[in-house]
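These are my notebook entries on one structure. I set down what I looked up, topic by topic.

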Amino acid sequence: MHASKLISSSIISLHPDDNGERALKLMDDLRVNHLPVVRNQSYLGSISENEILEWDSTDEFIEQHLNNLAAPYVVGDQHLFDIIKVLEENSLSVVTVLSEEKKYMGAISNRKLLYTIAKSSAVQNIGGIFVLEMNQNNYSMSEIARVIESNDAKILSSNITSTPDSTKMELTIKVNVTDISSILKDFERFEYKIMASYHESSSQEDFMQRYESLMRYLNP
């Protein structure tokens, strides 16, 4: 899923002639803490609620503070994972999307991203989840997949978490079967360290009820 396909139609950009009061009102209405500042399709930066509240007065215009604005963004053809990375690294609630020519295309809210992830088949499909810890040098996805597939299962999703200044990493895997006991036994046999495991045994109906509750929360 590319950034251009995830643009939130509800996110309104600010203009340098807007003052802090208008910006705060928009952020409150849209339930975000950041908004892009745009002039004639040129992206000038992203302004946050906290920045405005630090001004001498919220009646001041954004134009007066343009030099202090950071300008993180993604390009329209960047992948979902790139968007998440930019959001996380900059602690954003909204990320700006630019064209290849660096023209403003729109913005994506973190709520829209969560909604998109929640709709993915990896989340909707019931399965078991487990977390492996290993040295980064020992990581081999092909070997891990082989162990899983030898137990008649398939990987639905995977995620790597690493800690700075450490050679250790954690790999979270979701598979398409709920009974993962044989998979875990094989990983133990191959001397993998299992940090956690979650067996999803609820029915599809229960799962869909929880999924619909999440959707209602994202779209009140």
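Are Phe187 and Tyr192 buried or exposed? I looked up both residues in this model, which is predicted, and found that Phe187 and Tyr192 are both buried.

**Entry 1: aromatic pairs**

I searched for paired rings and found 2 aromatic pairs in the structure. In one of them, the ring centres of Phe130 and Phe187 are 5.5 Å apart and the planes stand at 45°, so I recorded this pair as tilted. I then looked up where the two residues belong: Phe130 is in strand 6 (residues 129–135), while Phe187 is in helix 7 (residues 181–189). The pair therefore ties together parts that lie 57 residues apart in sequence. I noted that Phe130 is buried, as is Phe187.

Phe187 also forms an aromatic pair with Tyr192, and I recorded that pair as edge-to-face. The distance from centre to centre is 5.1 Å, with 85° between the planes of Phe187 and Tyr192. I concluded the search with the cluster that these ring pairs make, which links Phe130, Phe187 and Tyr192.

**Entry 2: charges over a ring**

I next turned to Phe190. The charged end of Arg146 sits over the ring of Phe190, at 5.7 Å from the ring centre. I found Arg189 over the face of Phe190 as well, with 4.7 Å to the centre of the ring.

**Entry 3: a hairpin**

How many bridges pair strand 4 with strand 5? I found 5 bridges, and the pairing of strand 4 (residues 94–98) with strand 5 is antiparallel. As one bridge I noted Val95, whose partner in strand 5 is Ile108. The two strands, 4 and 5, form a hairpin with 5 residues between them. In the turn, I recorded a positive phi of about 65° for Lys102.

I also asked why strand 5 can be called largely enclosed by the rest of the structure. Strand 5 (residues 104–109) has 6 residues, of which 5 are buried, and I therefore describe this strand as largely enclosed.

**Entry 4: a surface patch**

Finally, I looked up nonpolar side chains on the surface. Phe81, Ile84 and Ile117 form a nonpolar patch there, and together these residues have about 270 Å² of accessible area. I placed Phe81 in helix 3 (residues 80–90). Its relative accessible area is 60%, and since the cut-off for an exposed residue is over 50%, I entered Phe81 as exposed.

How values were computed: Residues are numbered from 1 along each chain as its sequence is written. This is a predicted model: local features need pLDDT of at least 70, side-chain atom pairs count only at pLDDT 80 or more; totals for chains, interfaces and linings use all residues. Side-chain values use heavy atoms; hydrogens and water are left out. Patches are made of residues with over 30% relative accessible area and no salt bridge: like charges are joined within 9 Å, nonpolar side chains (Val, Leu, Ile, Met, Phe, Trp, Tyr) within 5 Å. Accessible areas come from the Shrake-Rupley method with a 1.4 Å probe; for residues, only the protein chains shown count as cover. A salt bridge is a side-chain nitrogen of Lys or Arg within 4 Å of a carboxyl oxygen of Asp or Glu. Buried means under 20% relative accessible area, exposed over 50%, partly exposed in between (1.4 Å probe, protein chains only). Rings of Phe, Tyr and Trp (its six-membered ring) pair if their centres lie within 6.5 Å; planes under 30 degrees apart count as stacked, over 60 as edge-to-face and the rest as tilted. A charge sits over a ring if NZ of Lys or CZ of Arg is within 6 Å of the ring centre and within 35 degrees of the ring normal. Two strands pair if DSSP finds at least two bridges between them.
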